[in-house]
Amino acid sequence: MSRPLLEMPRAIYDALITDLARSGRGVKESGAFLLGHTGPAGRVVSDYLMYDLVAPDSSQKYAYVVLTGEEMARAWQHCYATGLEVVGDVHTHPMGPMQSDTDRAHPIVAVPGHVALIVPHFALRDPEPVDLGVHVFEGTNDWRSLFYQAAQDAIRLT
Amino acid sequence: MHKRIIVQAAFAKDGLIVKVAEDLVAEPLNAAVLAAVPSEHASAELLVFDEADDDPETRQFAEDEQLQHGRVVHVTHCRQVEVVVRYAGRKVERRFAPATRVGRVKRWAAHALGINPSDANELLLQVAGTSIQPTRDQHVGNFVEHGTCNVVFDLVRSYTVNGDASVPTDHTKLLEHLDQAPFLMGEMNGRWRLRDISWPIAFIDIRARDHREYTLRLQCDGYPGMPTGAFWDPDSGSWLPAQRWPRAGARFGAALRTDWQGGTALYIPCDRTSIAGHEAWLQLHPAWTWDPNIGIARYLQVVWTMLNGEDYVAPAA
């Protein structure tokens, strides 16, 4: 088994899934910045920031994820204030965990190695890492996608 | 003959045009520029920087631009500008000459942050704490914080969209209705709640008078056309057996009959399976007929009404 791409405490994962489902209420997509640090051991998530907190207007207005430049800057300000980095992002889909064309065209962080998770079914079905899509940005609009066992191996819950 | 000088400054972010004699250069030119500074911004500490002196690239730009024999200069009291660019919790810092164009600052920041040039195309710099997104030709010195020689930028994408655009139209329409007042009011009042959607099936729990919850399984393909469905047992993943169906009194006739369609469709006017062949219901029960503008909330309201009347009878099982 290869080294995981993301490490996250189980309690944070469970809270994240609950918040994604609450935010989307089964009728719209929701998402969050995954915050933490990148070190020799990889990307470690220690907190998350829901999109509906930094982008309340866009979250109300659209059934999918939209972030304006100003809303994104609010997240960067939060990182600056907390000393945390964006080590990944997550958003829900109504159906499967595959990337849409817009997902591929709009990396939340355009640095190679960035990890984007997609949670299927609006996060309503108690999804575990094995149910998620794990998409790794490789730069110049390229992505590598992991599903099923590979997705589970990529996310270590501690 | 005159030439035009474009002056950029913190007090003139979009540029002032100053006309000076064609042959004016060096110190006399700078003096003419400073003389044109509005009196409220005039100061003995102000310096003039020629954009073209910033770096070879900018020099090339200045030479190439047909500015009608003009020049772009910057007026400021800062000899250097301390620039911080923040991106996703990381930051990079560097000093720039005040006349450095923002486009060059962005290219430096993207490179320093490890972003490929093609991926950086849609990113732009935004002055931290504001909605100001300078254009590439504006000078970094225009954006120093008042009384300092510092500027903090956030590197952002002007507009980010993530989501699944492949959702079919009927599914999208259902999601829209689930986010509108008729459905949300019922949900907020505890009458019903969305359990799950496994397109084209929506599972919705409806609360009865005795607080029991019944799960409706509604097939919604073709929405906002009529759905069809009946009670469902989420534990076994099958239609609710007849002995566990609720009953309603004579007021609602045979609406909750369990022998209709094998218990897979409610016998009501807003069910697409049941309305077929029963078009007379449209006149007999207009309040129970389907309204595509209200959508699924109409179906739920009809069922909730049956389960919350005085003649509601809970199943024995």
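**Chains A and B: interface, sheet and helices**

Student: Over how many bridges do strand E13 of chain B and E14(B) pair?
Tutor: This is a predicted model. Strand E13 covers residues 228-233 of chain B, and its pairing with E14(B) is antiparallel. The number of bridges between E13(B) and E14(B) is two.

Student: Which residue stands opposite B:Trp232?
Tutor: Strands of a sheet pair through backbone hydrogen bonds, either parallel or antiparallel. The partner of B:Trp232 lies in E14(B). That residue is B:Trp239.

Student: Which are the edge strands of the open sheet in chain B?
Tutor: The sheet has five strands in the order E10-E11-E12-E13-E14 of chain B, with antiparallel pairing. An edge strand here pairs on one side only. That applies to E10 and strand E14 (238-239) of chain B.

Student: At about what angle does helix H9 of chain B run to E11(B)?
Tutor: Helix H9 spans residues 296-307 of chain B. The helix lies across E10, strand E11 (201-207) and strand E12 (213-219) of chain B. Relative to E11(B), H9(B) runs at about 30 degrees.

Student: Which element gives the largest share of the side of chain B that touches chain A?
Tutor: In the interface, 39 residues of chain B are in contact with 40 residues of chain A. Elements of chain B giving two or more residues to this side include strand E8 (150-157), strand E9 (159-162) and helix H5 (169-177). The largest share is four residues, and it comes from E9(B).

Student: How many residues on that side of chain B are nonpolar?
Tutor: The side of chain B that touches chain A also holds 13 polar residues and eight charged ones. The nonpolar residues there number 18.

Student: Which residue of E9(B) stands opposite A:Val66?
Tutor: Strand E4 of chain A, residues 65-68, is joined to E9(B) by four bridges, and the two strands run antiparallel. Opposite A:Val66 in E9(B) is B:Val161.

Student: What span does helix H4 of chain A reach from its first C-alpha to its last?
Tutor: Helix H4 of chain A covers residues 69-82, which is 14 residues. Its buried residues are A:Glu71, A:Met72, A:Ala73, A:Ala75, A:Trp76 and A:Cys79. At 1.5 Å a residue the expected value is 20 Å, and the span of H4(A) is close to it, at 20 Å.

Student: What phi does A:Gly83 take?
Tutor: A:Gly83 comes just after H4(A). Its phi is positive, about 75 degrees.

Student: What ipTM does the predictor give the complex?
Tutor: For chain B, the mean pLDDT is 89, and 94% of its residues reach 70 or more. The complex has a pTM of 0.77. Its ipTM is 0.93.

Methods: Residues numbered from 1 in each chain as written. Chains lettered and ligands numbered in written order. Predicted model: local features only at pLDDT ≥ 70, side-chain atom pairs only at ≥ 80, totals over all residues. Contact = placed C-beta atoms within 7 Å. Nonpolar A, V, L, I, M, F, W, Y, C, P; charged D, E, K, R; others polar. Pairing = 2+ DSSP bridges. Axes fitted to C-alpha atoms, helices over the stretch in contact; angles between N-to-C directions. Expected span 1.5 Å × (residues − 1). Buried ≥ 20, exposed ≤ 12 C-beta atoms within 10 Å, placed from the backbone. pLDDT = per-residue confidence, 0-100.
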